[in-house]
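Biologist: I'm still getting used to reading structures. Could you pick one charged spot, take me through it slowly, and then show me what surrounds it?

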Amino acid sequence: MLKIVVSPDPALNQISEPCDVDDKSLKRLSKQMLKTMYANDGCGLAAPQVGILKRLIVVDCAPVDEDPQPMILLNPEIVEQQGELVLGEEGCLSCPGISVPIERYPWVKVRYQDLEGEEWEVEAEELLGRCLQHEIDHLNGKTLFESASPRVRLKALSDYDEALKAGAKPGETQIGGR
Ligand code: CO
């Protein structure tokens, strides 16, 4: 199991490097990331959250009572977005114990590569759309605190302070309550 980096670790505020699709270690890393995500009841995890500054994310936004739908995305980028920003509560394995209202696009198209280097596009809305926007933020050094509006950020930081004092651990608050 990989150790989850918790805010305010500076690794969470770095810009991650593009993945080299010929890098054979990515297969093992992405499997370990999925394992770690499931073990912590998360629905998404970005490589910088395990201290590895590469543009790699894993997500699974299938409803809890359905079969898992793990996705591994190398070098994901939002290539199109539509609609008016929607406010929704998000949690993060790297910011345990809190959830924070964040504005996201209701529809995004994300381009990425798979482990074989093949290029794909996924159109996503609802939980998956929100989750992809959240994880891609991590690759650009943004956590919930940087993604929140200034007023929300202040409250989130003070809530987080209290959560840490109370001993919150990764997995205690999740996007969509997972
Ligand atoms: Co997160």
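Modeller: Let's start with Asp114, and keep in mind that this is a predicted model. Asp114 is buried, yet it has no salt bridge. If you look for the nearest side chain of opposite charge, you end up at Lys27, and that is 10 Å away. A salt bridge needs the charged atoms within 4 Å, so Lys27 doesn't qualify as a partner.

What does the side chain of Asp114 have a polar contact with? With the side chain of Trp120, at 2.9 Å. Trp120 also turns up when you ask what Asp114 touches beyond the residues up to four places away in sequence: the list is Val21, Leu74 and Trp120. As for its place in the fold, Asp114 sits in the loop that runs from β6 (107–113) to β7 (119–125).

Now step back from that loop into β6 itself, where you'll find Lys109. Is Lys109 buried or exposed? Its relative accessibility is 16%, and the cut-off for buried is under 20%, so Lys109 counts as buried. Skipping its neighbours within four places in sequence, Lys109 is in contact with Glu77, Ile78, Val79, Glu80, Glu121, Val122 and Glu123.

Next, see how β6 fits in with other strands. β6 runs antiparallel to β3, and 6 bridges join the two. For one spot to click on, try Trp107 in β6, which is the bridge partner of Gln82. β3 (residues 71–82) has another antiparallel partner too, namely β2 (residues 56–59), with 4 bridges between them. There, Val59 stands opposite Met71 of β3. A handy thing to remember while you trace strands: side chains in a regular strand alternate between the two faces of the sheet.

Last stop, the metal. Which protein atoms are the donors of the cobalt ion? They are SG of Cys92, NE2 of His134 and NE2 of His138, at 2.1 to 2.2 Å from the ion. Along the chain, the donors follow the spacing C-x41-H-x3-H. Cys92 and His138 come from distant parts of the chain, 46 residues apart: Cys92 belongs to the loop between β4 (86–90) and β5 (100–104), while His138 is in helix α2 (residues 126–139). Cys92 counts as buried because its relative accessible area is 2%, and His138 is buried as well, at 1%.

Technical notes. Residues numbered from 1 in each chain as written. Predicted model: local features only at pLDDT ≥ 70, side-chain atom pairs only at ≥ 80, totals over all residues. Heavy atoms only, no water. Buried < 20%, exposed > 50% of the residue type's maximum accessible area, 1.4 Å probe, protein only. Lys, Arg positive; Asp, Glu negative; His and termini not counted. Polar contact = N/O pair within 3.5 Å; in protein donor to acceptor, adjacent residues only side chain to side chain. Contact = heavy atoms within 4.5 Å. Donors = N, O, S within 2.8 Å, 3.2 Å for Na, K, Ca; no water. Pairing = 2+ DSSP bridges.
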